[in-house]
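Okay, thanks everyone for coming. Let me put the structure up, and then I'll walk you through a few spots in it.

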Amino acid sequence: MSSPSSHIPPQPFGLSWRKCLLNLLGSAILAFGLYHIHSYAGVTEGGILGATLLLQYWFGISPAWSSLVMNAASYLIGWRILGRDFILYSAVAGGGFSLAYAVCELFPPLWPSLAHSPGIAAFAGAAFVGVGIGLCVRAGGAPGGDDALAMAVSHLTGWNIRWPYLVSDMLVLLLSLSYLPLDRMAWSLVTVVLSGQIIGLFQKSPSYQ
């Protein structure tokens, strides 16, 4: 008689099925919040997430595609530093985000009224971003290439990793002033700070170590 473990399919590339599923779940939560809250409420994020919304506004490029390209470029830069497993799990999360966002775009927004409630959108958006990315980080990956890029910059410059994160967030937020009024930018800063704190709660130890 075969044991129950014999019915478990082999792990792809030696990765854990549980961690792959957690990365897919986290990226789906992130995509849901980014589509239904951020893209309609005029509240943005920093880093690659904010850059995807910037490109969507100015050039009509869907975050489903722009995130895929920017994440791939970031992973290519940082894969030697972060290690094979991190990159593979991040590829699962990044691909899951693009797929989930593309699915969300097939439906109308659930809460269009949030366009007139930036405060509620800032806190709700931070919750979706923080929980989504936090789950991916706990599972050894990241739906955005920010982690890979920040680690690469930190390695090349010797800076503490918090500075590359801060610089990228502030740069994207400053560029976002091209389409967001100052009051929405203030709420965007609230979202960036809160989502970062939530991610920190999930991250007991750096996933890339």
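Let's start with a question: in what kind of crossing, left-handed or right-handed, does α1 pass α4? It's a right-handed crossing. Before I go on, please keep in mind that this is a predicted model.

So, a bit more on that pair. When we talk about two packed helices, we describe them by the angle between their axes and the distance between the axes. Here, α1 packs with α4, which covers residues 84-104, at an angle of about 40°, and the axes are 8 Å apart. That makes the two helices, α1 and α4, oblique to each other, because angles from 35 up to 65 degrees fall outside both the roughly parallel and the roughly perpendicular ranges.

Now, α1 runs over residues 17-41, and α2 is another partner: their axes come within 12 Å and cross at roughly 45°. So α1 is oblique to α2 as well. And the handedness there? The crossing of α1 and α2 is right-handed.

Staying with α2 for a moment, let's look at the surface. There's a nonpolar patch of about 720 Å², built from Tyr 57, Trp 58, Phe 59, Ile 61, Trp 65 and Leu 68. Two elements put in two or more residues each, namely α2 (47-59) and α3 (63-82). The largest share is from α2, with three residues. One patch member to click on is Trp 65, which sits in helix α3. Trp 65 has a relative accessible area of 60%, so it counts as exposed.

For contrast, go to Leu 180. Where is it? You'll find Leu 180 in the loop between α7 (162-176) and α8 (182-202). Is Leu 180 buried or exposed? With a relative accessible area of 7%, Leu 180 is buried, because the cut-off for buried is under 20%. If you draw a line from Leu 180 to Leu 54, the C-alpha atoms are 9.7 Å apart, although 126 residues separate the two along the chain.

Last stop, charges. How many salt bridges does the structure hold? Just one. The partners are Asp 85 and Arg 84, and their closest N and O atoms are 2.8 Å apart. As for exposure, Asp 85 has 38% relative accessibility, so it's partly exposed. Arg 84, at 48%, is partly exposed too.

That's my tour, happy to take questions.

Methods: Residues numbered from 1 in each chain as written. Predicted model: local features only at pLDDT ≥ 70, side-chain atom pairs only at ≥ 80, totals over all residues. Heavy atoms only, no water. Salt bridge = Lys/Arg side-chain N within 4 Å of Asp/Glu carboxyl O. Buried < 20%, exposed > 50% of the residue type's maximum accessible area, 1.4 Å probe, protein only. Patch = residues over 30% accessible without salt bridge, like charges linked within 9 Å, V, L, I, M, F, W, Y side chains within 5 Å. Areas by Shrake-Rupley, 256 points an atom, 1.4 Å probe, with all protein chains shown as cover. Helix = DSSP H or I, 4+ residues; strand = E, 2+ residues; numbered from the N terminus. Axes fitted to C-alpha atoms, helices over the stretch in contact; angles between N-to-C directions. Parallel < 35°, antiparallel > 145°, perpendicular 65-115°, else oblique. Left-handed = near helix turned anticlockwise from the far one by under 90°.
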